[in-house]
Amino acid sequence: MSAQQYLDRISEIISTIRTTQNEKLKAAGEVFAASISNGGRVYLFGSGHSVIPVLDIFPRYGSFVGFHPIYDPRLMWFNIVGPGGARELLWLERQEGYARVILASYELQSRDSILIFSHGGLNAAPIEMALAAREKGLKVVSVSSHQNYRQAKPTHSSKKQLADVSDIAIDNCVPPEDALVAAEGIAEKFAAGSTVAAVSIAMALVAETAMRLVQSGKRPSTFVSPNVGLPPDHNEQVFQEYTRTLSRRNS
């Protein structure tokens, strides 16, 4: 019963995304395809559980060179308590100024764009990642809960939420509390929905970007499953192409 309740709720959320966010998904795909076509990068960022869709975009079977994840292990948990644990992560992602330290290792250019995931859209890390990217002329696409946006008060000193500093703000259509399944007599809900929603949006954007590249005459360098039957060195060529893009900044 509870399993079915979760599946029903997450299906409703995906259906809502399909019917309400389609134009934004198309617009974001156009932005990303333009970046890749012009020799730029589509940067990807998330912290905490919002790093999961970043991990799933590239390298991932069915995705392609042009997407560049921004990873910081201090914003990803590898433990529950203690070093690498959730307490440390949750504290750090709220600290203003840290995102700019991360970006000191990246050469952002105006032909690039960035996709930022944050369910709440309130923490300093995603907001300042967006602000810094916009200062460099990048188009910013975000994925967050707009229900939370409408009811939450900003916590960043700019008085902005992530959607406020995005060129295209996609709604993950998940309620603010994230968890979806209620039990009678208990205030807390169970079983989060934002990860499924965010990964679904991420894959929709991969598909939209790919189709726009193909229609413009570009052939994405795509990471594929070994079950596809392509030459055995295909994925090695994809990795080599990605490596070349790391130094192809002035072409």
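This talk walks through the sheet, the helices that pack on it, a hairpin and the aromatic pairs of one structure.

Keep in mind that this is a predicted model.

Let's start with the sheet. Five strands make it up, and it is open. The order runs β2-β1-β3-β4-β5, with parallel pairing. Which strands stand at the edges? They are β2, residues 67–69, and β5, residues 168–171. Each has a single partner strand, so one side of each has no neighbour in the sheet. From one strand to the next, the twist averages 20°.

Now look at β1 and β3. They pair in the parallel sense, over five bridges. Here F45 stands opposite I116 in β3.

Next, what packs on this sheet? Helix α2, residues 22–37, does. The strands α2 touches are β1, β3, β4 and β5. Its direction makes about 135° with that of β5.

On to helix α1, residues 2–20. The helix has 19 residues. From first C-alpha to last, α1 reaches 27 Å, close to the 27 Å expected at 1.5 Å a residue. Which residues of α1 are buried? Four names: Y6, I10, I13 and I17. Seen down the axis, they fall within an arc of 50°, so they line one face of the helix. The spacing fits a general point. An α-helix has 3.6 residues a turn, so residues three or four places apart point the same way. And what does that buried face of α1 pack against? The partners are α2, β5, β6, β7 and α8, the last being residues 194–215. Turn to the face away from the buried side, and you find R18 and T19, both exposed.

Compare helix α9, residues 234–245. This one has 12 residues. α9 reaches 17 Å, close to the 16 Å expected. Buried here are N235, V238, E241, Y242 and T245. Down the axis of α9, the buried residues fall within an arc of 110°, so again they line one face. They pack against β2. Recall that β2 is one of the edge strands.

Now the hairpin. β6 covers residues 179–182 and β7 covers 189–192. How do they pair, parallel or antiparallel? Antiparallel, over three bridges. One bridge joins A179 to A192 in β7. Six residues sit between the two strands. In the turn, G185 has a positive phi of about 85°.

Last topic: the aromatics. The count comes to five aromatic pairs. Take Y43 and Y106. Their ring centres are 6.0 Å apart and their planes stand at 90°. Edge-to-face means over 60 degrees, so this pair qualifies. Where do the two residues sit? Y43 lies in strand β1, and Y106 in the loop between α5 and β3. The pair therefore ties together parts that are 63 residues apart in sequence. Buried or exposed? Y43 is at 0% relative accessibility, so Y43 counts as buried. Y106 has a relative accessible area of 24%, so Y106 is partly exposed.

Then F64 and F67. This aromatic pair is tilted, 5.1 Å centre to centre with 50° between the planes. Both residues are buried. There is also one aromatic cluster, formed by Y61, F223 and F239.

To recap: an open five-stranded sheet with parallel pairing, helix α2 packed on it, and an antiparallel hairpin of β6 and β7. Thanks, that's my part.

Methods:
Residues are numbered from 1 along each chain as its sequence is written. This is a predicted model: local features need pLDDT of at least 70, side-chain atom pairs count only at pLDDT 80 or more; totals for chains, interfaces and linings use all residues. Side-chain values use heavy atoms; hydrogens and water are left out. Rings of Phe, Tyr and Trp (its six-membered ring) pair if their centres lie within 6.5 Å; planes under 30 degrees apart count as stacked, over 60 as edge-to-face and the rest as tilted. Buried means under 20% relative accessible area, exposed over 50%, partly exposed in between (1.4 Å probe, protein chains only). Two strands pair if DSSP finds at least two bridges between them. Axes are lines fitted to C-alpha atoms, for helices over the stretch in contact, and angles run from 0 to 180 degrees between N-to-C directions. Contact means heavy atoms within 4.5 Å. The expected span of a helix is 1.5 Å times one less than its number of residues. The arc is that of the directions from the helix axis to the C-beta atoms.
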